[in-house]
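Hello,

Here is the structure we discussed handing over. Please load it first, then read the notes below it.

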Amino acid sequence: MQDSESEEGPGPFPDSEAEDDDDEVDLEVFSDDEDLVRDTTAVQLAGGRDIQGIPWELTQYTREGYRTVRNREYRNYFNLEEAVAAAQPRTDAEAAKVAADGRFFSFYRNWRQARSSIVHFQLRNLLWATTAHDLYLVHENKVQHWNSVAQRSGAGGHGSGVSTVMDVSGGVTGAVAPGLGQVQLCTLCAREGLVAGGGFGGELVARRIGSEEKCLDGTQRCAQAAQPRRVPGTTRDILAPWRRSCSFACSTRVTTSDNSITNAIEIFRAPSGQVRLVCSNNDETVRTFSADTFQLISQHRLPWAVNCTVVQPGSGRLLLTVGDDPTAHVYDAASGRQVAQLKGHLDYSFAAAWHPDGYVVATGNQDMTARLWDLRYPAASFALLKAHIGAVRSLRFSPDGRFLAVAEPADYVTIYDAAEGYQRSQVVDLFGELAGITFTPEGDRLYVAISDVHYSSVLQFERHTGQRLWSDLL
């Protein structure tokens with residue numbers, strides 16, 4: 001992966017025509033202390049309000065008009081642009097013919113209190129759901145826990161839906177990772193009672209989260225908010241996030257390489273019942289750690305920077321790894337023996353996902369495609385799905401395997417009906433950089449995180465049943 005650069009194009013939101021007029025309203029329509037009125041609900045959307053709360057009437061565009069401009073002017077980032085361009089006719093011919101008429105998930109609410117930020121433009125795994133109501137996301141180098149029940153009830157005071165789980169942002173607060181200092185969090189994973197973040201310098205920080213998910217009524221707060229620490233020689237108190245119930249389970253640097261970014265983290269339960277973490281790093285190494293002791297269990301070297309590794313569901317026997325190479329590798333988790341090479345992409349890959357059946361995998365690439373592979377027949381992919389404007393940065397199968405969600409760097413999340421052979425899709429059309437996507441463990445909700453100065457939010461979509469109560473939309 002690259003240390004800099006980014007996808008380019010027009011800004012995610014047009015400028016307000018009134019930005020120079022003191023008598024008019026600017027596009028920034030909320031502040032941190034405003035109430036939940038800034039959210040958009042399904043009822044309001046049906047009544048004509050913008051899904052993200054963007055006041056298009058204050059701009060020179062309609063939403064549809066700016067979509068046309070954005071699609072035309074957005075520039076995807078390539079590492080191997082010439083190869084992608086040369087193969088474009090073949091890619092177009094191979095791409096699946098998909099009907100975009102699916103209605104699998106219905107919009108429920110746009111939650112503006114849940115905000116996220118992105119450290120590295122190629123890494124977009126910054127949002128995870130551990131229950132139907134509990135999300136973990138990264139904002140300004142803090143891992144935050146957001147709960148929709150606490151937010152809606154207002155328990156514990158305004159904004160009680162959001163609490164900080166790990167603060168490694170440094171600065172005047174003094175909140176740092178023990179032994180590491182400030183950490184630039186560029187990836188995240190939350191599963192199996194653990195939340196783990198990866199840093200730009202090869203860091204791995206983690207905390208156990210069982211007690212956090214019980215804070216539904218706002219009465220049980222993290223000790224970080226109640227245990228200040230006095231700075232020696234001063235009268236200033238700062239937070240001590242490593243104290244007692246806020247203690248880190250792990251705070252370490254997994255590599256000393258100068259090129260060491262922790263690009264992705266996978267948390268899984270092995271057949272033995274032990275919980276393990278897999279770190280994918282820029283130093284061309286995949287490392288597996290025990291989640292109990294954080295001792296290194298195994299490591300495997302590859303010939304390129306490793307951008308994402310996912311573990312075969314159930315058995316945990318195989319690892320699928322993608323990185324700074326068009327070819328994906330499948331290998332034995334214990335021995336490191338290569339089992340298969342998946343060839344077909346044209347640029348570097350940053351996303352991978354394993355279908356719950358344990359046979360089918362998906363890979364996402366900067367060539368603006370996702371490919372589906374059956375590992376029983378690994379010679380060629382069985383489906384090629386084209387993106388709208390950019391690279392495929394994140395992939396998620398629903399827990400039941402029915403759907404595949406594909407996220408681009410900005411604006412587009414496409415949900416494919418895997419059970420119907422990826423021939424039908426639902427396109428979620430937004431504006432803004434996408435920090436992450438996540439299904440809930442039950443698979444009945446999909447959350448999408450938008451990172452933006454003015455319109456950062458998490459959008460909630462409910463699995464469509466055809467029977468919805470209006471009370472559910474209020």
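Trp-128, Arg-191, Glu-266, Ile-267 and Trp-354 are the residues nearest the centre of the largest pocket, out of 40 that line it. Keep in mind that this is a predicted model. The volume of the largest pocket is about 850 Å³.

Strands supply part of that lining. At least two residues each come from S3 (127–129), S7 (185–191), S13 (262–269), S17 (306–311), S21 (349–354), S25 (394–397) and S28 (425–439). Which strand gives the most to the lining of the largest pocket? S13 does, with six residues. Two of the residues nearest the centre, Glu-266 and Ile-267, fall within the range of S13, 262–269. By class, the lining of the largest pocket splits into 23 nonpolar, 11 polar and six charged residues.

S17 has a second role. Besides supplying at least two residues to the pocket lining, S17 belongs to an open sheet of four strands. The order is S17-S18-S19-S20, and the pairing is antiparallel. S17 and S20 (338–342) are the edge strands, each paired on one side only. On average, neighbouring strands in this sheet are turned by 20 degrees against each other, direction ignored. S17 and S18 (residues 318–323) run antiparallel and are joined by five bridges. To find one of them, start at Val-306: its bridge partner in S18 is Gly-323.

Now the enclosed space. How many cavities of 30 Å³ or more does the structure hold? There are two. The second largest cavity contains about 50 Å³ of space. Its lining is made of Ala-370, Leu-385, Lys-386, Ala-387, His-388, Val-392, Val-406, Glu-408, Thr-414 and Tyr-416. Strands S24 (383–386) and S27 (410–417) each supply at least two residues of that lining. The lining of this cavity divides into six nonpolar, two polar and two charged residues.

Last, helix H2 (residues 63–73). Its buried residues are Arg-63, Tyr-66, Arg-67, Val-69 and Arg-70. They sit on the same side of H2, because they cover an arc of only 165 degrees around the axis. Glu-64 and Arg-72 are exposed on the other side of H2. Note the arginines: Arg-63, Arg-67 and Arg-70 are buried, whereas Arg-72 is exposed.

Best regards

Conventions:
Residues numbered from 1 in each chain as written. Predicted model: local features only at pLDDT ≥ 70, side-chain atom pairs only at ≥ 80, totals over all residues. Heavy atoms only, no water. 1 Å grid on protein atoms, 1.4 Å probe; cavity = no way out; pocket = protein on both sides within 12 Å on 5 of 7 lines; lining within 4 Å. Points joined across faces, edges and corners; volume = space filled by probe spheres on them. Nonpolar A, V, L, I, M, F, W, Y, C, P; charged D, E, K, R; others polar. Pairing = 2+ DSSP bridges. Axes fitted to C-alpha atoms, helices over the stretch in contact; angles between N-to-C directions. Buried < 20%, exposed > 50% of the residue type's maximum accessible area, 1.4 Å probe, protein only. Arc of directions from axis to C-beta.
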